[in-house]
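Please look over the chain shown here. The questions that follow go from confidence to fold, then to strands and rings.

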Amino acid sequence: MEFPFAEDPKEAVIVCKHVYEGTRPILFAIRHIEDGMWHFSCGNAHDSRDRRFITLQEVYDKDRSIKELKDLQPGSYAIRSGEGEEWIIREIISLD
């Protein structure tokens, strides 16, 4: 299967420890507005000790449904209520 993202498959992304360990599905994804870095999580609150760094390819291999997020722009996020559910995409609202 062809890699669907424009980014390099070896690009580092942030995942929560639950996604990394495969104990919870990806329910939240964000592209940081400052640098466009991807961040995937199970949707629960985490602190910095719960972060892991893996490649975009590795997270895609864990959950192929993230291909639907391939066009997510920096400053946007996607959320869903459960594994297999539809992604809802939103822009981050600045309060500046």
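Q: What is the mean pLDDT of the chain?
A: This is a predicted model. In the chain, 96% of residues reach a pLDDT of 70 or more. The mean is 94.

Q: In which strand is confidence highest, and in which is it lowest?
A: Strand β1 (residues 12-16) has the highest confidence, with a mean of 98. The lowest is a mean of 95, and that belongs to strand β6 (residues 88-91).

Q: In what order do the elements run from the N terminus on?
A: The chain holds 2 helices and 6 strands. Their order is β-α-β-β-β-α-β-β.

Q: Why does the chain count as compact as a globular protein of that length?
A: For 96 residues the globule rule gives 12 Å. The chain comes close to that, so it is as compact as a globular protein of that length. Its radius of gyration is 13 Å.

Q: Which residues of strand β5 point to the buried face?
A: In a regular strand, side chains alternate between the two faces of the sheet. Strand β5 (residues 76-79) shows this alternation. Tyr77 and Ile79 point to one face and are not buried. The buried residues, on the other face, are Ser76 and Ala78.

Q: Which residues stand opposite Ile79 of β5?
A: Strand β2 (residues 28-31) runs antiparallel to β5, with 3 bridges between them. β5 and β6 are also antiparallel, joined by 4 bridges. In β6, Ile79 faces Ile88. In β2, its opposite number is Phe28.

Q: Stacked or edge-to-face: how do the rings of Phe5 and Trp38 pair?
A: The structure holds 6 aromatic pairs. In this one, the ring centres lie 5.5 Å apart. The planes meet at 85°, over the 60 degrees required, so the pair is edge-to-face.

Q: How many residues apart in sequence are the parts that Phe5 and Trp38 tie together?
A: Phe5 lies in the segment before β1. Trp38 belongs to strand β3 (residues 38-41). Both residues are buried. The pair therefore ties together parts separated in sequence by 33 residues.

Q: What is the angle between the ring planes of Trp38 and Phe40?
A: Trp38 is buried at 0% relative accessibility. Phe40 is buried too, with a relative accessible area of 0%. Their rings are stacked, 5.4 Å centre to centre. The angle between the planes is 5°.

Q: Which residues do ring pairs link into a cluster?
A: Trp38 pairs with Phe5 and with Phe40. Ring pairs build a cluster that includes these residues. Its members are Phe3, Phe5, Trp38, Phe40 and Tyr60.

Terms used. Residues numbered from 1 in each chain as written. Predicted model: local features only at pLDDT ≥ 70, side-chain atom pairs only at ≥ 80, totals over all residues. Heavy atoms only, no water. pLDDT = per-residue confidence, 0-100. Buried < 20%, exposed > 50% of the residue type's maximum accessible area, 1.4 Å probe, protein only. Pairing = 2+ DSSP bridges. Rg over C-alpha atoms; globule rule 2.2 N^0.38 Å. Phe/Tyr/Trp six-rings, centres within 6.5 Å; stacked < 30°, edge-to-face > 60°.
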